[in-house]
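Trainee: Could you take me through one short stretch of this model up close, starting with the side that faces outward? Then carry on to whatever side-chain contacts deserve a look.

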Amino acid sequence: MDDNKMVAGKVKKPGKRGRKPAKIDLKAKLERSRQSARECRARKKLRYQYLEELVSSKERAICALREELEMYKQWCSAMDQGKIPSEIKALLTGDEQKTPHHGGGGTKSSKSNKNSGQG
């Protein structure tokens, strides 16, 4: 019992506790680390591609809405001058097939149906 030490009534053996790492494990650990890094970079690349596609689709939607807003502004300025745009006349009379659709056509027809019943 010369090699062992007594600590708080228990026998303590010299050396570290737990499993000792083998040199083979070091190579495997490095390879796992490299593989994990490759996978992480691949996930990051996919995430950035997804975000770029999302941004571009939102930008397209914004452009379409700006064009629609500009069209409505032109209609309002024409109506302020006492002119009724042909698109609005067509909506009020229900001749939607004759006019070209300018984005958001579904909402215009439902509004014109509500207004035509009142007037």
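Mentor: On the side of H2 away from its buried residues, Ser86, Leu92 and Thr93 are exposed (exposed is over 50% relative accessible area, buried under 20%, partly exposed in between, with a 1.4 Å probe and protein chains only). Keep in mind that this is a predicted model, where local features need pLDDT of at least 70, side-chain atom pairs count only at pLDDT 80 or more, and totals for chains, interfaces and linings use all residues. Numbering starts from 1 along each chain as its sequence is written, and side-chain values use heavy atoms, with hydrogens and water left out.

H2 itself covers residues 86–93, and its buried residues are Ile88, Ala90 and Leu91. Look down the axis of H2 and those buried residues fall within an arc of 160 degrees, so they line one face of the helix (the arc is taken from the directions from the axis to the C-beta atoms). Helices here are DSSP runs of H or I, at least four residues, numbered from the N terminus. Just after H2 comes Gly94, with a positive phi of about 90 degrees.

Now for the rings. The structure holds 1 aromatic pair. Tyr72 and Trp75 have ring centres 5.5 Å apart and planes at 75 degrees, so the pair is edge-to-face (centres within 6.5 Å make a pair; planes over 60 degrees apart are edge-to-face, under 30 stacked, the rest tilted). Both sit in helix H1 (residues 23–80), and being 3 residues apart puts about one helical turn between Tyr72 and Trp75. Tyr72 is partly exposed, at 27% relative accessible area, whereas Trp75 is buried, at 10%.

H1 has charged partners to show you too. The whole structure has 2 salt bridges, each being a Lys or Arg side-chain nitrogen within 4 Å of an Asp or Glu carboxyl oxygen. One joins the side chains of Glu31 and Arg34, at 3.9 Å from N to O. Those two residues are 3 apart in H1, which again means a separation of about one helical turn. Glu31 counts as partly exposed at 39% relative accessibility, and Arg34 as partly exposed at 47%. Glu31 also meets Arg38, with 3.2 Å from N to O, and Arg38 is partly exposed at 38%. Through their shared partners, these salt bridges tie Glu31, Arg34 and Arg38 into one network.

Notes
Rings of Phe, Tyr and Trp (its six-membered ring) pair if their centres lie within 6.5 Å; planes under 30 degrees apart count as stacked, over 60 as edge-to-face and the rest as tilted.
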